[in-house]
Amino acid sequence: MIEVKDIHKSFGENNVLNGISADFKPGVTTLIIGGSGSGKTTLMKNMVGLHEPNNGKVLYDGRDFTNMDTNERIEIRKEIGMLFQGSALFDSMNVEKNIRFPLDMFTSQSKAEKLERVNFVLERVNLAGKNKLYPAELSGGMMKRVGIARAIAMRPKYLFCDEPNSGLDPKSAIMIDELVQEITAEYDITTVVVTHDMNSVMSIGEHIIFLHQGKKWWEGSYKEITKTDNKELNEFVFATQLMETLLKK
Amino acid sequence: MIFYHFGKYILLIKAVFRRPEKFSIYKNEIFREMVDIGLGSLGIISIISVFIGAVTTVQTAFQLTSDLIPKSIIGGITRDSTILELSPTICSLVLAGKVGSSIASQIGTMRVTEQIDALEIMGINAPGYLILPKLLGGVIMIPMLVIVAIALSITGGYLAGVASGAVSAAEFILGLTTGFVPFTLVVAMVKAVIFAFIITTVSAYQGYYTSGGAISVGQSSTKAVVISCIAILISDYIIAQLLL
């Protein structure tokens, strides 16, 4: 479980996060949604330590991540997997080496054991046999799936996904959403997804946190999101004509 | 502003020397960088060195018009100016352009495509993994390139001198072997090691703190070359003052 307590973050004069608190439970996919500039990516970067909060705490199963030294943080980070918006695969390595990289760095497994794990996670993301392809040879959806495979290679307890289906066609986007949700439930991972995609919200939004002006504005599930009278949330949810028509039906 | 960047640079260097996660992986990376920096730059360094030696000989001969000065001195001047200044400094300036811009753009691209964030999230010491192999590769290979440059420069000087008739082969070799001070080679190696450190770390710093997109990567690469060249020339003067 991840607990975020009263996180504040500003860049110069610009206050991006204004005291956000939230709990993220294992086995549940939590979606952080909000408009551009609402602070969702900043919140995630504060949670994983890519940014340091000005105030507040992030607890990983009770362990205070914000006040840890570098070595203690490294131990927590070995339990974290992350899928980046642009996949962030290493260009110089093929698919197999990308996925094997954290195993090479942190485990003493034999080559055969590592290869077995690589093949297992590749099969899990429906990319069996693509070991020798380089990132430049992959489509956007395949890159995201390799990113997921790399993120779960070390059997993480916590999975973070930053805009996992941005830039993908609807079919690939649904595939990525379903994959994230399946993996979360299957391995009892605490998963946090930052998105502004309403399709994701309606298909995998078991737990949704809506941010507005750097604050937690609303919290609930996809079943509740269309029934709320929260003005800002409604403006976000019904921003497109298609969504308005579909949801009001 | 300068102190802010210098402080950040020192902190980055400190992070570079943190204990590696797995030495075997770093070892492979170091060998890869040695090949990239060393063998990858051998061609351009060879061409430049031969012509630097040739020009030094021809121009020295042009200036020695007095009959009172023996022509063999041309060999001595070519040797000393090559060892002390031309090979280590000119080669390092060229390498700042070739190797430095490559390091800055490589690390800068990794920064803007979130690959460095990915390393950090995995719990890997990103400065160590990305910069240490380049630093060691440079510090090992650039002095070797300078040794090759010295040899080729003198050879170029000899060939140009003899071919143009400015100096005979015997006179050039006499000058080359007379009054040689081995300490000049030590100075050249000290310069090469320090210049290698400057090229790799300044360029890595510029790349590591790139922010934005493709334009920023280009700007970082340019800054890396400019700052490395200035730092090389300043430290060249300081080394000369301290050691000679």
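**Group meeting: a walk through the two-chain model**

Okay, let's start with chain B: it has 244 residues, and buried ones make up 45% of them. Before I go on, keep in mind that this is a predicted model. For the complex, the predictor gives an ipTM of 0.88 and a pTM of 0.89. Chain B itself averages a pLDDT of 95, and 100% of its residues score at least 70.

So what is chain B made of? Eight helices and zero strands. If you read along from the N terminus, you just get α-α-α-α-α-α-α-α. Put a box around its C-alpha atoms along the principal axes and you get roughly 70 × 40 × 30 Å. And if you take the contacts in chain B between residues at least 6 apart in sequence, 88% of them join residues at least 24 apart.

Now chain A, where we have sheets to look at. One of them is an open sheet of six strands, in the order β6-β7-β8-β3-β9-β10, with mixed pairing. At the edges you find β6, residues 80-83, and β10, residues 215-220; each has a single partner strand, so one side of each is left without a neighbour in the sheet. Ignoring direction, neighbouring strands here are turned by 20° against each other on average.

Let me stay with β9 of chain A for a minute, residues 207-212. On one hand, it runs antiparallel to β10(A), and five bridges join the two. If you want a pair to click on, I209(A) has E219(A) in β10(A) as its bridge partner. On the other hand, β9(A) pairs with β3 of chain A, residues 29-33, in the parallel sense over four bridges. There, the partner of L31(A) is I208(A). Why call β9(A) largely enclosed by the rest of the structure? Because five of its six residues are buried. One more detail at that end: the hairpin of β9(A) and β10(A) has two residues between the strands, and Q213(A) takes a positive phi near 50°.

While you have that sheet on screen, look for helix α5 of chain A, residues 140-152. That helix lies across β6 and β7 of chain A, and runs at about 175° to β6(A).

A residue worth zooming in on is F160(A), which sits in strand β7 of chain A. Buried or exposed? F160(A) has 25 other C-beta atoms within 10 Å, and 20 or more counts as buried, so buried it is. Leaving out residues up to four places away in sequence, F160(A) touches M44(A), V48(A), I80(A), M82(A) and V192(A). Compare that with K9(A), 151 residues from F160(A) in sequence and 19 Å away in space, C-alpha to C-alpha.

Next up, the other sheet I want to show you. This one is open as well, with four strands of chain A in the order β2-β1-β4-β5, and the pairing is antiparallel. Its edge strands are β2, residues 14-24, and β5, residues 63-64, and each pairs on one side only. Strand β4, residues 55-60, is joined to β5(A) by two bridges, and L59(A) stands opposite D64(A) there. A helix goes with this sheet too: α1 of chain A, residues 40-48, lies across β1, β2 and β4. Relative to β1(A), that helix runs at about 115°.

On to the core. In soluble globular proteins, nonpolar side chains tend to be buried together. The largest nonpolar core here has 123 residues, and the ones touching the most other members are I32(A), M82(A), A149(A), F160(A) and I142(B). Helix α5 of chain B, residues 126-164, gives the most to this core, with 17 residues. As for A149(A), once you set aside its neighbours within four places in sequence, its contacts are I99(A), V121(A), L122(A), R124(A), V125(A) and L127(A).

Last stop, where the chains meet. How many residues does the contact take from each chain? It's 13 from chain B and 15 from chain A. On the chain B side, helix α4, residues 115-121, gives the most, with five residues. By class, that side of chain B has five nonpolar, three polar and five charged residues.

That's my tour, happy to take questions.

Conventions:
Residues are numbered from 1 along each chain as its sequence is written. Chains are lettered from A and ligands numbered from 1 in the order in which they are written. This is a predicted model: local features need pLDDT of at least 70, side-chain atom pairs count only at pLDDT 80 or more; totals for chains, interfaces and linings use all residues. Two strands pair if DSSP finds at least two bridges between them. Axes are lines fitted to C-alpha atoms, for helices over the stretch in contact, and angles run from 0 to 180 degrees between N-to-C directions. Two residues are in contact if their C-beta atoms, placed from the backbone, lie within 7 Å. Ala, Val, Leu, Ile, Met, Phe, Trp, Tyr, Cys and Pro count as nonpolar, Asp, Glu, Lys and Arg as charged, and the others, Gly among them, as polar. A nonpolar core is a set of buried Ala, Val, Leu, Ile, Met, Phe, Trp, Tyr and Cys residues joined through C-beta atoms within 7 Å. A residue is buried if 20 or more other C-beta atoms lie within 10 Å of its own, exposed if 12 or fewer, and partly exposed in between; C-beta atoms are placed from the backbone. pLDDT is the predictor's confidence in each residue, from 0 to 100.
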